[in-house]
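Visitor: I am new to this structure and would love a close look at one part of it. Could you take me to the nonpolar patch on its surface and show me what surrounds it?

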Amino acid sequence: MIGVKFGVAGTGNIGKGDANLIVALICIYVAGFAWSWGPLGWLVPSEISPLEIRSAAQAINVSVNMFFTFLVAQLFLTMLCHMKFGLFFFFAFFVVIMTIFIYLMLPETKNVPIEEMNRVWKAHWFWGRFIPDEAVNMGAAEMQQKSV
């Protein structure tokens, strides 16, 4: 709608009804993001890190997340002025890239105890080469000791 109303030049007039509809659509987009992709940047890193490094990994995750949130907030208006309605296609492109990345690179962790995360990563087609065999075997030995 922004592209139709303002074009590539970014000039034009918009009625109150159309403006309200655009604001409503942006709010729906933000709500959809907040209920889908938004929390994943906080949730996934806390679930995939082994207990030994979980607090350090989460600290790094929070720092990186805050940095990029700051960066997007600082650049958004400048990008909107230069890219006009194309900015929304820019963000949509990255949502597609994120979806492909998550589908290919993030193994399913549902109902997997955190103590067994090394086994999940070792079984993954890509990440498995970075997990030493000892890490998987050590996790199994620790589980046997706990059950005894």
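Guide: Here is a walk across the nonpolar patch, followed by a look at the helices and the record's annotations. Please keep in mind that this is a predicted model. The patch covers about 510 Å² of surface, and its members are Ile-26, Tyr-29, Val-30, Phe-33, Phe-88 and Met-98. Two helices each give two or more residues to it: α2, spanning 16-34, and α5, spanning 86-105. The greatest share comes from α2, which provides 4 residues. A general point helps when you look at a helix: with 3.6 residues a turn, residues three or four places apart point the same way.

Now let us move to Phe-88, which sits in helix α5. Phe-88 has a relative accessible area of 33%, so it counts as partly exposed. Patch members need over 30%, and Phe-88 is one of the residues that make this patch.

The UniProt record adds some context. Its unreviewed entry places the feature "transmembrane region" at residues 21-38, 58-80 and 87-106. In the model, residues 21-38 are 78% helix and 0% strand, with end C-alpha atoms 23 Å apart. Residues 87-106 are 95% helix and 0% strand, and their end C-alpha atoms lie 27 Å apart.

For a contrast with the surface, turn to helix α3, residues 40-48. Its buried residues are Val-44, Pro-45 and Ser-46. These buried residues of α3 pack against α4, which runs over 54-83.

Note on methods:
Residues numbered from 1 in each chain as written. Predicted model: local features only at pLDDT ≥ 70, side-chain atom pairs only at ≥ 80, totals over all residues. Heavy atoms only, no water. Patch = residues over 30% accessible without salt bridge, like charges linked within 9 Å, V, L, I, M, F, W, Y side chains within 5 Å. Areas by Shrake-Rupley, 256 points an atom, 1.4 Å probe, with all protein chains shown as cover. Salt bridge = Lys/Arg side-chain N within 4 Å of Asp/Glu carboxyl O. Buried < 20%, exposed > 50% of the residue type's maximum accessible area, 1.4 Å probe, protein only. Contact = heavy atoms within 4.5 Å. UniProt positions renumbered as here; feature names shortened; annotations may be inferred.
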